[in-house]
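Please open the model in your viewer and keep the selection tool at hand. The tour goes from one selection to the next and says what is found at each stop.

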Amino acid sequence: MLSRLSILPRVPFGRISYINSRPYSTEPQPEVVKQKNDSPFEKVTVFGAGLMGSGIAQVSAMSNHQVQLVDLTDEAISKGQAYIMKSLKRIAKKKYPESQPDQIKFAENIYSRIDFGTNPELAVSNADLVVEAVVENVEIKRSIFSKLDTVAPSQAIFASNTSSLPIGDIFSVLPDARKGNTGGLHFFNPVSQMKLVEVVKGSTTSDETFDKLTRFAIALGKTPVSCKDTPGFIVNRLLVPYMMEAIRMLERGDASARDIDTAMKLGAGYPMGPFELLDYVGLDTVKFITNGWEETYPELKASGISAPSKMLDDLVSAGKLGVKSGAGFYDYSKKN
Ligand SMILES: NC(=O)c1ccc[n+]([C@@H]2O[C@H](COP(=O)([O-])OP(=O)(O)OC[C@H]3O[C@@H](n4cnc5c(N)ncnc54)[C@H](O)[C@@H]3O)[C@@H](O)[C@H]2O)c1
């Protein structure tokens, strides 16, 4: 057991101590997973200590970046710290199966690269890259970036991890001088394990920014793919219609969920069937994405691929959101 990790010194919360809690220049450099990377960035600030933001902070720290992780409340920060700790323990155990001291050293070193806090202005004052991974709401994302524009260095790059919002809409509130320094960095869940990053080139993203974001993804050990600012980018544009089509097949009574899953696993070689995937992704998330497409993209609406499904709507209304709520298309209540 990594018992010492649970008593790691907590980075003090608070406004002043936020940046100063661990001056970068005087601390010994922790061990890193990859040796000095070719990242174009040194200081990375991540907004949102939820599922994605904490993962992005973690992989950034693991690849030798100095990281600030920001959320609204100390409670949200504590949750993010717990996510990171749990993931680091898992990786450490795999990396050093025989040596508990090495596991602890590894995890502590990575963890010590992340400063946590609730003061956005301080967190971006010398950032090279800001990655936003807050709730999927365009107004909240816009308001964060317009505030940050006045306090972050002028050369800092702003990136959003949005799954479903147009990058151009998020950054539309910024002055032209900053717009070239913006783009999309779409990570996948769980961030520490999923290899892909979609690097999204919005209509204002400069070639230099796009190149830096791509190099950053590589420095994190990820495989970047390049994508235009289109609905769902690459993965979700293909995956969401596929999952919706599976639901429609079930609604029509063509086959059972279990048989559709088995068919796609054994007949198409997919690692998960569409209903297993729906439950894993979260039914609310899929509904949110398709609703957004219906509202924002007339051509998708006309095609019918994002049309609402009564079965999906009913499950979400009943709180059956998938694995995270204990039930979705399948029941997970007996598994724990
Ligand atoms: N969950 C996924 O599988 C997934 C995959 C790829 C991309 N995304 C995208 O990543 C983003 C975050 O998703 P998530 O699943 O991590 O959400 P989450 O709900 O787990 O976390 C969001 C966090 O943002 C924080 N937050 C809200 N407003 C904030 C603000 N003004 N400043 C700082 N923090 C703020 C919340 O307190 C919360 O901790 C969304 O845009 C989502 O579309 C999610």
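What follows is a series of stops, starting with the whole chain and moving on to single residues and pairs.

**The whole chain**

The model on your screen is predicted. Colour the protein chain by secondary structure: it has 15 helices and 8 strands. The chain holds 336 residues, and buried residues make up 51% of them. Consider next the contacts between residues at least 6 apart in sequence: 72% of these join residues at least 24 apart.

**The nonpolar cores**

Select Leu69, Ile84, Leu129, Leu185, Phe187 and Phe216 and show their side chains. These residues belong to the largest nonpolar core, which has 40 residues, and they touch the most other members. Another core lies apart from it and has 25 residues. To find this second core, select Met243, Ala257, Leu278 and Leu321, which are among its members.

**Ser60 and its surroundings**

Go to helix H2, where Ser60 is found. Is Ser60 buried or exposed? Its relative accessibility is 0%, and the limit for buried is under 20%, so Ser60 counts as buried. Now display the residues that Ser60 touches, leaving out those up to four places away in sequence: Val44, His65, Val67, Phe216 and Leu220. Phe216 has been selected before, as one of the residues with the most contacts to other members in the largest core.

**Two residues with positive phi**

Move on to the loop between helix H2 (51-62) and strand S2 (66-70), and select Asn64 there. Asn64 is not a glycine, yet its phi is positive, at about 80°. Asn64 counts as buried, at 15% relative accessibility.

The other stop of this kind is Phe233. Where does Phe233 lie? Look in the loop between strand S8 (223-228) and helix H10 (235-252). Phe233 is not a glycine either, and its phi is positive, at about 50°. With a relative accessible area of 4%, Phe233 is buried.

**Val235**

Helix H10 contains Val235, the next residue to select. Val235 has 23% relative accessibility and counts as partly exposed. Not counting residues up to four places away in sequence, Val235 touches Phe188, Leu196 and Glu198. Draw a distance between the C-alpha atoms of Val235 and Phe188: they are 9.8 Å apart in space, while the two residues are 47 apart in sequence.

**Helix H10 against helix H15**

Keep H10 selected and add helix H15 (residues 310-317). Two packed helices are described by the angle between their axes and the distance between the axes. For H10 and H15 the angle is about 100° and the axes are 9 Å apart. Angles of 65 to 115 degrees count as roughly perpendicular, and therefore H10 and H15 are roughly perpendicular to each other. On the H10 side, show Met244, Ile247, Leu250 and Glu251; on the H15 side, show Lys310, Met311 and Leu312. These residues make the contact. Of the residues in this contact, 5 are nonpolar, none is polar and 2 are charged.

**A cis peptide bond**

Select Asn189 and Pro190 and zoom in on the bond between them. The peptide bond from Asn189 to Pro190 is cis, with omega near 0°. Pro190 sits in the loop between strand S6 (182-186) and strand S7 (196-201).

**Salt bridges**

Side chains of opposite charge can pair when their charged atoms come close. How many salt bridges are counted here? The count comes to 14.

- Select Arg215 and Asp211. They form a salt bridge, with the closest N and O atoms 3.1 Å apart. Both residues lie in helix H9 (residues 207-219), 4 residues apart, which is about one turn of the helix. Arg215 is partly exposed, with a relative accessible area of 33%, and Asp211 is partly exposed at 37%.
- Select Glu42 and Lys43. Their salt bridge has its closest N and O atoms 3.7 Å apart. Glu42 is partly exposed, with a relative accessible area of 46%, whereas Lys43 is buried at 18%.
- Select Asp254 and Arg252. Their side chains meet in a salt bridge, 2.9 Å from N to O. Asp254 is partly exposed, with a relative accessible area of 46%.
- Select Glu132, Glu136 and Lys141. A network of salt bridges links these residues.

Notes:
Residues are numbered from 1 along each chain as its sequence is written. This is a predicted model: local features need pLDDT of at least 70, side-chain atom pairs count only at pLDDT 80 or more; totals for chains, interfaces and linings use all residues. Side-chain values use heavy atoms; hydrogens and water are left out. A salt bridge is a side-chain nitrogen of Lys or Arg within 4 Å of a carboxyl oxygen of Asp or Glu. Buried means under 20% relative accessible area, exposed over 50%, partly exposed in between (1.4 Å probe, protein chains only). Axes are lines fitted to C-alpha atoms, for helices over the stretch in contact, and angles run from 0 to 180 degrees between N-to-C directions. Angles under 35 degrees count as roughly parallel, over 145 as roughly antiparallel, 65 to 115 as roughly perpendicular and the rest as oblique. Contact means heavy atoms within 4.5 Å. Ala, Val, Leu, Ile, Met, Phe, Trp, Tyr, Cys and Pro count as nonpolar, Asp, Glu, Lys and Arg as charged, and the others, Gly among them, as polar. A nonpolar core is a set of buried Ala, Val, Leu, Ile, Met, Phe, Trp, Tyr and Cys residues joined through side-chain atoms within 4.5 Å.
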